[in-house]
Amino acid sequence: MELITNQAIDSVRLEAELVDPSCGGVVTFTGKVRNHHQGRQVEKLIYEAFEPMVVQVIQRLLSEAQEKFPIKNIKVVHRVGELKIGEVAVWVGVESAHRGEAFQACEWMINQIKKQAPIWKKEFYVQGEPEWIRCHHE
Amino acid sequence: METSLVQIKLLYFASLREKLGRTEEELEIKTGLTPEQVLKEIFPSAQDYESWRSCLRVAINQEYAPWDRPLQSGDEVTFIPPVAGG
């Protein structure tokens, strides 16, 4: 699967591709659309992306992850376009010999994507006007 | 000394795209102008400029760049509103 897609993300199929026999630990993160934001009921959302730059940023982050953590494989897929509640927006998967680095790399990657990827989210609510979301980074 | 003019391309996304009502434009600017100075030309009102300047980042040719980097002919400049991916 491509790094950015407007098709539904199949997280089960993506995880099934992490099968290196030297790896004992597989850690995945699945980011889904939730039905609430700051007390408001969310109906749907739209992700907009500066796609060529997203690809560059994520490819750079994938290389950085390999340098920072002793992992074997790391993959990312981000969806764009209109998403409904419960749909998968982003998937990160890591496999490594041991679990420690897999957990660390997976968390690091999703946090970096949130900070750096030129992707924007417009939320549509059951009541009231839609809003472009500003993320609060930890 | 002659000041030469160069062409740059600007790309707009999300809230900024909605504010300006366009996705992209070509601008002719004096060579060496910075993204900060270009933003001042787009938002001549001080209030608008301050408000956008405080929340945008800038990318030049698809890489994050400092606001004071002098622009060159053919540069693609993207003002990046607060991101919310991941």
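This passage describes the strands, helices and chain contacts of a predicted model, taking chain A, chain B and the contact between them in turn.

In chain A, an open sheet is formed by 4 strands, which follow one another in the order β1-β5-β7-β2, and the pairing within this sheet is mixed. The edges are occupied by β1 (4-5) and β2 of chain A, each of which pairs on one side only. Strand β2(A) is joined in the antiparallel sense to strand β7 (residues 88-96) of chain A, and 8 bridges connect the two; within this pairing, A:Thr30 has A:Trp91 of β7(A) as its bridge partner. Two helices of chain A are placed against these strands. Helix α2(A) packs on the sheet, where it touches β1 and β5 of chain A, and its direction makes about 160 degrees with that of β5(A). Helix α3(A), in turn, lies across β2, β5 and β7 of chain A and runs at about 150 degrees to β7(A).

A further set of pairings in chain A involves strand β4(A). With strand β3 (residues 36-37) of chain A, β4(A) pairs in the antiparallel sense over 2 bridges, and A:His36 has A:Gln41 in β4(A) as its bridge partner. The hairpin made by β3(A) and β4(A) has 2 residues between the strands, and in this hairpin A:Gln38 takes a positive phi near 45 degrees. Strand β4(A) also pairs with β8(A), again in the antiparallel sense, over 7 bridges, and here A:Ala49 stands opposite A:Ile119 in β8(A). With strand β6 (residues 81-84) of chain A, β4(A) forms an antiparallel pairing over 4 bridges, in which A:Leu45 is matched with its bridge partner A:Leu83 in β6(A).

Salt bridges come to a count of 12 over all chains. One of them is formed by A:Asp20 and A:Lys72, whose closest N and O atoms are 3.8 Å apart. This pair links distant parts of the chain, with A:Asp20 in the loop between α1 (11-16) and β2 (25-32) of chain A and A:Lys72 in the loop between α2 and β5 (73-79) of chain A, the two residues being 52 residues apart.

In chain B, 5 strands form an open sheet in the order β2-β1-β5-β3-β4, and the pairing is mixed. Because β2 (24-30) and β4 (63-64) of chain B stand at the edges and have a single partner strand each, one side of each is left without a neighbour in the sheet. Within the sheet, strand β3 (residues 57-60) of chain B pairs in the antiparallel sense with strand β5 (residues 76-80) of chain B over 4 bridges, and B:Arg57 stands opposite B:Ile80 in β5(B). Helix α2 (residues 35-42) of chain B packs on this sheet, touching β1 (5-11), β2, β3 and β5 of chain B, and its direction makes about 70 degrees with that of β5(B).

The edge strand β2 of chain B contains B:Glu25. Apart from its neighbours within four places in sequence, B:Glu25 is in contact with B:Ile8, B:Lys9, B:Leu10 and B:Tyr12, while a polar contact of 3.0 Å joins its side chain to that of B:Arg22. The C-alpha atom of B:Glu25 is separated by 25 Å from that of B:Gly85, which lies 60 residues apart from B:Glu25 along the chain.

The contact between the two chains takes 24 residues from chain A and 22 residues from chain B. The area buried between chain A and chain B is about 1,900 Å², and carbon and sulfur atoms give 57% of this area. On the side of chain A, A:Phe50, A:Met53 and A:Trp120 supply 32% of the area that the chain buries against chain B, which is more than any other three residues supply. Between the chains there are 2 salt bridges, including one in which the side chains of A:Lys122 and B:Glu18 meet at 2.6 Å, N to O. Residue pairs in polar contact between chain A and chain B, with both residues at pLDDT 80 or more, number 12. The elements that give two or more residues to the side of chain A touching chain B are β4 (40-49), α2 (51-68), α3 (99-116) and β8 (119-125) of chain A, and of these α3(A) gives the most, with 5 residues. By class, this side of chain A has 15 nonpolar, 3 polar and 6 charged residues.

Key
Residues numbered from 1 in each chain as written. Chains lettered and ligands numbered in written order. Heavy atoms only, no water. Pairing = 2+ DSSP bridges. Contact = heavy atoms within 4.5 Å. Axes fitted to C-alpha atoms, helices over the stretch in contact; angles between N-to-C directions. Buried area = accessible area lost by both parts, 1.4 Å probe. Salt bridge = Lys/Arg side-chain N within 4 Å of Asp/Glu carboxyl O. Polar contact = N/O pair within 3.5 Å; in protein donor to acceptor, adjacent residues only side chain to side chain. Nonpolar A, V, L, I, M, F, W, Y, C, P; charged D, E, K, R; others polar.
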